[in-house]
Amino acid sequence: MTKRLFWFVLGVLSGVALVSWSKKKANAVADKVADALTPENVVEVAAEGVVRVVRRLGEVIGAAMVALSSAWSKTDTEGQPVDR
């Protein structure tokens, strides 16, 4: 009987400790998320995303222009490919 009581009390204490720890962690994450979701932070993150997209688009357009100019330089004045 004493063994069962010991394991029961140990289980209850473990459960209380786990619930307490989980609650603290959940509150910490909720506070962190609440701070991150301010309108200023949302706008800042969105602006950074737009800047990244525009930069990448510029890189793609630049690479396409280089490729086209390379292809155009390999044609003669009549637009026919030149064997070089």
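How many helices and how many strands are there in the chain? Show the whole chain as a cartoon and count: you should find two helices and zero strands. Keep in mind as you look around that this is a predicted model.

**Stop 1: the whole chain**

Switch on the surface for everything. The accessible surface comes to about 7,800 Å², and 69% of that belongs to carbon and sulfur atoms. How much of the chain is made up of buried residues? Of the 84 residues, buried ones make up 1%.

**Stop 2: a nonpolar patch**

Now select Leu5, Phe8, Val9, Val12, Leu13 and Val16, and colour them brightly. Together these residues make a nonpolar surface patch of about 590 Å². Click on leucine 5 to get your bearings: its place is in helix α1, which covers residues 2-36. Is leucine 5 buried or exposed? Its relative accessibility is 53%, so leucine 5 counts as exposed, because the cut-off for that word is over 50%.

**Stop 3: two rings**

Next, select phenylalanine 6 and tryptophan 7 and show their side chains as sticks. A search of the whole structure finds one aromatic pair, and you are looking at it: the ring centres of phenylalanine 6 and tryptophan 7 are 5.1 Å apart. Turn the view until you can see both ring planes. They stand at 75 degrees, so the pair is edge-to-face; the angle needed for that label is over 60 degrees. Tryptophan 7 counts as exposed, at 55% relative accessibility, while phenylalanine 6, at 46%, counts as partly exposed.

**Stop 4: a salt bridge**

Finally, move to helix α2, residues 39-73, and select arginine 56 and glutamate 59. What do their side chains form? They meet in a salt bridge, with 3.1 Å from N to O. The count of salt bridges comes to one. Follow the backbone from one partner to the other: they are three residues apart in the helix, so about one helical turn separates them. With the surface back on, check each partner: arginine 56 has 52% relative accessibility and counts as exposed, whereas glutamate 59 is partly exposed at 49%.

Notes
Residues numbered from 1 in each chain as written. Predicted model: local features only at pLDDT ≥ 70, side-chain atom pairs only at ≥ 80, totals over all residues. Heavy atoms only, no water. Patch = residues over 30% accessible without salt bridge, like charges linked within 9 Å, V, L, I, M, F, W, Y side chains within 5 Å. Areas by Shrake-Rupley, 256 points an atom, 1.4 Å probe, with all protein chains shown as cover. Salt bridge = Lys/Arg side-chain N within 4 Å of Asp/Glu carboxyl O. Helix = DSSP H or I, 4+ residues; strand = E, 2+ residues; numbered from the N terminus. Buried < 20%, exposed > 50% of the residue type's maximum accessible area, 1.4 Å probe, protein only. Phe/Tyr/Trp six-rings, centres within 6.5 Å; stacked < 30°, edge-to-face > 60°.
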